[in-house]
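User: I would like to go through the labels used for this model and see what stands behind each one. Please set the values against the cut-offs as we go.

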Amino acid sequence: MDLDYSTEERAFRDEVRGWLRENLPADLRGKVETYGSLSKEDLLRWHRILAEKGWIAPAWPVEWGGTHWNAVQRYIFEEECGYAAAPPLIPFGIAMCAPVLFEFGTEEQKKRFLPRIYRGDDFWCQGYSEPGSGSDLASLRTAAVRHGEHYVVNGQKTWTTLAHMADWIFCLVRTDSALDKKQEGISFLLIDMKTPGITVRPLKLMDGGHEVNEVFFDEVRVPAENLVFEEGKGWTVAKYLLGYERMNTGRIGASKRDLERLKELAARETKNGEPLLEDARFRDRLSRIEIELMALEITNLRFLDQLRGGRPPGAEVSLLKIKGTEIQQALTELMMQAMGPLAQPLATDETDGFEALDAAFAARYCNYRKTSIYAGSNEIQRNIIAKRVLDL
Ligand SMILES: Cc1cc2nc3c(=O)[nH]c(=O)nc-3n(C[C@H](O)[C@H](O)[C@H](O)COP(=O)(O)OP(=O)(O)OC[C@H]3O[C@@H](n4cnc5c(N)ncnc54)[C@H](O)[C@@H]3O)c2cc1C
């Protein structure tokens, strides 16, 4: 097993690193480093810079704009972006809807939607979860009834990330409710968010931010040509897409950057003089996280080595999701401890060069409770490992 990068892979990493140094706008990097909120314009600006370079959709087929990078190169690229504090790439178009269209879409659907996703013309969101149908997704009830050349959609989605910015939503809907098995009779529809009858309502989170929404459908008419794959076979599409959703939840590069930041913070003088880094109990917790992060990286490299050998990762990807998100949360907990009362929006009168970071941090700490819930909760990931990896 080879857990180190080859000479070519190291050269590739240097190329990506150098390009990011030159092309990542300082204001965007600054916002990410200080955990500031990114507007739709910020997200699209970075999307378009990458699209112009030809690096926005590495995993796509080359004829549609993919880069022909192998799995290791794609991983290096993602980690370098995370480490350099590049804005996150919103996955719903590039990394979720597009793979579905490549696998299940008609030629017409591909031609209509993919170039717009690539250029950042359309902003997508994901309409899977409903009240009462999160982990038990197959119990979803939003109904779509075919009338001639249209489906008429009624129901509600919830937790829909960035729906308030989105032009399109891909949705799981129930087209047949008379079947015994709940996974049957579900279909996958692409819906224009401007269609009459759609209402988006914000869900305020405990960090005060607006990131997720409820989306209501009231007699929404969707052209039948927006059905992806066969009517009633949407569960096949849904499962395919969930694999993609969990691929990049480890965020190792971003966690490495957070760890460095944490060390800087803990090295600051405190009111009673002694930096927190000198505290044995704090150092113990810090070292444990650092070791966990190294172990996660090595585990990730082991999976990559399998991919090099042509074996796709299976349910093991759940392990990366669990460990990656646990580490992200643990880092935010220690950062809160390192900042103490400074991690409050009002406590910015102390001038030690960390004010912007301090002021934004309490919100980030609250926000990061989400990571063990979204993309399938960590408990559900453990169930997947138990069933499919450990064969219990
Ligand atoms: C910030 C955020 C963004 C999101 N964005 C989107 C989005 O854009 N689009 C979208 O469709 N959805 C989105 N979601 C929804 C997300 O996928 C669901 O929240 C998640 O699947 C859990 O479902 P639930 O909230 O209904 O909780 P429930 O399924 O009700 O679970 C409640 C608790 O019970 C546990 N549990 C449930 N079943 C089991 C079981 N069988 N075994 C062990 N434990 C179990 C869960 O782990 C959890 O702790 C988002 C969620 C969050 C928090």
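**Labels and the values behind them**

Analyst: To start with the ligand, its shell is made up of 7 nonpolar, 8 polar and 2 charged residues. The model is a predicted one.

User: How many residues surround the ligand, and which are the closest?

Analyst: The ligand is surrounded by 17 residues, and S129, S135, T161, S377 and E379 are the closest. Helix α12, residues 378-389, supplies the largest share of this shell, with 3 residues.

User: What makes the pair formed by T161 and the ligand a polar contact?

Analyst: A polar side-chain atom of T161 is 2.6 Å from a nitrogen atom of the ligand. The cut-off for a pair of N or O atoms is 3.5 Å, so the T161 pair counts as a polar contact. S377 passes by the same rule, because an N or O atom in its side chain is 2.5 Å from a ligand oxygen atom. For Y128 a backbone N or O atom takes part, at 2.9 Å from an oxygen atom of the ligand. The protein buries 66% of the 970 Å² that the ligand exposes when taken alone.

User: Which residues have the most contacts inside the largest nonpolar core?

Analyst: They are W60, W124, Y128, F170, F188 and L190, in a core of 75 residues. Helix α5, residues 91-104, gives the most to this core, with 9 residues. A second core, separate from that one, has 27 residues, including L43, Y151, V153 and V173.

User: Y128 came up twice. What is Y128 in contact with, leaving aside neighbours within four places in sequence?

Analyst: Its contacts are L137, K157, F170, L172, F188, V237, A238, L241 and L242. Of these, F170 and F188 are also listed with Y128 among the core residues with the most contacts.

User: Why is T371 called buried?

Analyst: Its relative accessible area is 0%. Buried means under 20%, so T371 is buried. T371 sits in the loop between α11 (355-367) and α12. A polar atom of its side chain is 3.2 Å from the backbone oxygen of Y368. Apart from neighbours within four places in sequence, T371 is in contact with K321, T325, Q328, Q329 and N378.

User: Why is the phi of L162 worth pointing out?

Analyst: Most residues other than glycine have a negative phi. L162 is not a glycine, yet its phi is positive, at about 60°. The residue lies in the loop between β3 (150-157) and β4 (168-174). At 9% relative accessibility, L162 is under the 20% limit and therefore buried.

User: Why is E219 called partly exposed rather than exposed?

Analyst: E219 has a relative accessibility of 49%. Exposed means over 50% and buried means under 20%, so E219 falls in between and is partly exposed. E219 belongs to strand β7, residues 210-223, and has a positive phi near 55°.

User: And what makes A59 exposed?

Analyst: A59 has 53% relative accessibility, which is over 50%, so A59 is exposed. Its place is in the loop between α3 and α4. A59 and P99 are 40 residues apart in sequence, and their C-alpha atoms are 8.7 Å apart.

User: How do you know that D42 is buried?

Analyst: D42 has 7% relative accessibility, and the limit for buried is 20%, so D42 qualifies. D42 is in helix α3, residues 40-53. A polar atom of the D42 side chain is 3.0 Å from the backbone nitrogen of S39. Not counting residues up to four places away in sequence, D42 touches L28, K31 and S37.

User: Why does G105 get the label buried?

Analyst: The relative accessibility of G105 is 15%, which is under 20%, so the label is buried. G105 lies in the loop between α5 and α6 (107-119). Leaving aside neighbours within four places in sequence, G105 is in contact with V100, K110 and V228.

User: What about V72: buried or exposed?

Analyst: V72 is buried, because its relative accessibility of 2% is under 20%. V72 is part of helix α4, residues 71-83. The C-alpha atoms of V72 and Y368 are 27 Å apart, with their positions 296 residues apart along the chain.

How values were computed. Residues are numbered from 1 along each chain as its sequence is written. This is a predicted model: local features need pLDDT of at least 70, side-chain atom pairs count only at pLDDT 80 or more; totals for chains, interfaces and linings use all residues. Side-chain values use heavy atoms; hydrogens and water are left out. A residue is near a molecule or strand if one of its heavy atoms lies within 4 Å of it. A polar contact is a pair of N or O atoms within 3.5 Å; within protein, one must be able to donate a hydrogen and the other to accept it, and residues adjacent in sequence count only if both atoms are side-chain atoms. Accessible areas come from the Shrake-Rupley method with a 1.4 Å probe; for residues, only the protein chains shown count as cover. Helices (H or I, at least four residues) and strands (E, at least two) are DSSP runs, numbered from the N terminus. Ala, Val, Leu, Ile, Met, Phe, Trp, Tyr, Cys and Pro count as nonpolar, Asp, Glu, Lys and Arg as charged, and the others, Gly among them, as polar. A nonpolar core is a set of buried Ala, Val, Leu, Ile, Met, Phe, Trp, Tyr and Cys residues joined through side-chain atoms within 4.5 Å. Buried means under 20% relative accessible area, exposed over 50%, partly exposed in between (1.4 Å probe, protein chains only). Contact means heavy atoms within 4.5 Å.
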